[in-house]
Amino acid sequence: MKFNTMLLHGASVKQYPYNATIPPISQVTAFRFDSAEEQEKVFAHKASGYAYTRVGNPTVAAFEQRINELEGGNAAIACSSGMSAITLAMLNMLSSGDEVIAGSGLYGGTIDLFRDLENFGIQVRYVRHVSPAEIEPLISDRTKLIYSEVIGNPGLDVLDIRAVSDLAHAREIPLMVDATTATPYLVRPLKLGADIVVHSSSKYINGGGNSVSGVIVDGASFRWDFERYRALRDFSRYGPLAYTIRLRTDTWENMGSCLSPFNAFMNITGLETLGLRMDRICSNAEKIAAALSELPGITVNYPLLPENPYRELALRQFEGRGGGILTFRAGSREKAFRILNHLQYIVKASNIGDIRTLAIHPASTLYRNSDEERRVAAGVYEDTIRISTGIEDAEDLIEDLTDAIEAADNPD
Ligand SMILES: *Cc1c(COP(=O)(O)O)cnc(C)c1O
């Protein structure tokens, strides 16, 4: 089965109750039991069944199974947001004193979160780009995780998943990737050696811009050394499943950032068109990047542009696609603001992966908490505009942007 067919006819679709073509919304808090014995078993995770929606819900489970199938994982666990997915994915395996090596071109919220983790004794060491050559010198006994986005948002650096996972595994460290911007349409990171995948499913997976959510997928491929990974020690009897089982029955359950059944339903219906949307979104991004590159005074960043250092890798790893985000430098902050204010169709909003094309000035919004060094390392300058392409007609989007750039050049 190829990707678009799997979106509609994958094995997880056959699990929906009542032979429904999309699952019903189980908008409920608690589930009734006929006997105290049965309830005891479900609470002890000794029998399958639902008891309370924070701990499990049929609609949320349907969403998790869909994502797990698409990513080729062992288990997927849905969370209330992408940020909660990243937080729980890390806290599930890290302890105070541990170090993480991460790329500096990360999503601004993730960089803010990593600063918060310092209070818990977890230190993140940044490299400009997550590559074997850059991470190797930073690896020590304390290094417990390599973390990277597959396509950095908004830095747009592309991770060589195979090369980095090979090095990480040689040093007995797992690789966790945030695949929000790539989606399983561009690449399935677990197949290339990543161990854990996180998504903000608020973005492309939902697609309609109508629900905040996140998801963690564990490939159960990593051989945990329970002497080194103290956080998983109580689950050592589960071997490679220790991460999933601790997450499900402990970290995620206790920290309480479950996904609402209604949002899970919105994600399931959105997901069915992921392939079609990504096709159009990627082609729009490529066309806009090419058109803007022709304009004087505008510098464009998009992985597939001829001069881009990640072009060959992106072509190979994403089978010719470059994703739906591009950034460009307008020349000055004032000009960037004038361009944004002149846009007619393109919406000024802080989101990506919507069916609508969105634009934002990252330095004054998403990166307002980062100092200049961190901003520049993430590819965010005072004059940078980020565009997340939607499914409109490319000609209209190009005209909207070129008109706005022209008007910004000639303010009256
Ligand atoms: C949006 C985003 C997040 C955070 O997700 P939320 O659903 O907004 O919490 C994390 N990583 C990336 C790459 C994102 O784009």
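1. Let's start with Ser-202: one of its polar side-chain atoms lies 2.6 Å from an oxygen atom of the ligand, which fits the cut-off for a polar contact (a pair of N or O atoms within 3.5 Å; within protein, one must be able to donate a hydrogen and the other to accept it, and residues adjacent in sequence count only if both atoms are side-chain atoms). The ligand taken alone exposes 380 Å², and the protein buries 92% of that (accessible areas by the Shrake-Rupley method with a 1.4 Å probe; for residues, only the protein chains shown count as cover).

2. Please keep in mind that this is a predicted model, where local features need pLDDT of at least 70 and side-chain atom pairs count only at pLDDT 80 or more, while totals for chains, interfaces and linings use all residues. Residues are numbered from 1 along each chain as its sequence is written, and side-chain values use heavy atoms, with hydrogens and water left out.

3. Two further ligand contacts deserve a look. A nitrogen atom of the ligand is 2.7 Å from an N or O atom in the side chain of Asp-178, and an oxygen atom of the ligand is 2.8 Å from a polar backbone atom of Met-83.

4. Now the wider shell. There are 15 residues around the ligand, and Gly-82, Asp-178, Ser-200, Ser-202 and Lys-203 come nearest (a residue is near if one of its heavy atoms lies within 4 Å). By class, the shell has five nonpolar, seven polar and three charged residues (Ala, Val, Leu, Ile, Met, Phe, Trp, Tyr, Cys and Pro count as nonpolar, Asp, Glu, Lys and Arg as charged, and the others, Gly among them, as polar).

5. Helix H4 (residues 82-91) gives the most to this shell, with three residues (helices are DSSP runs of H or I, at least four residues, and strands of E, at least two, numbered from the N terminus). Seven of the 10 residues of H4 are buried, among them Gly-82, Ile-86 and Met-90 (buried means under 20% relative accessible area, exposed over 50%, partly exposed in between, with a 1.4 Å probe and protein chains only). At the start of H4, a side-chain oxygen of Ser-81 reaches to within 3.4 Å of the backbone nitrogen of Met-83.

6. Finally, Asn-68 has its place in helix H3 (residues 58-71). Asn-68 counts as buried because its relative accessibility is 15%. Beyond neighbours within four places in sequence, its contacts include Gly-73 and Val-217 (contact means heavy atoms within 4.5 Å).
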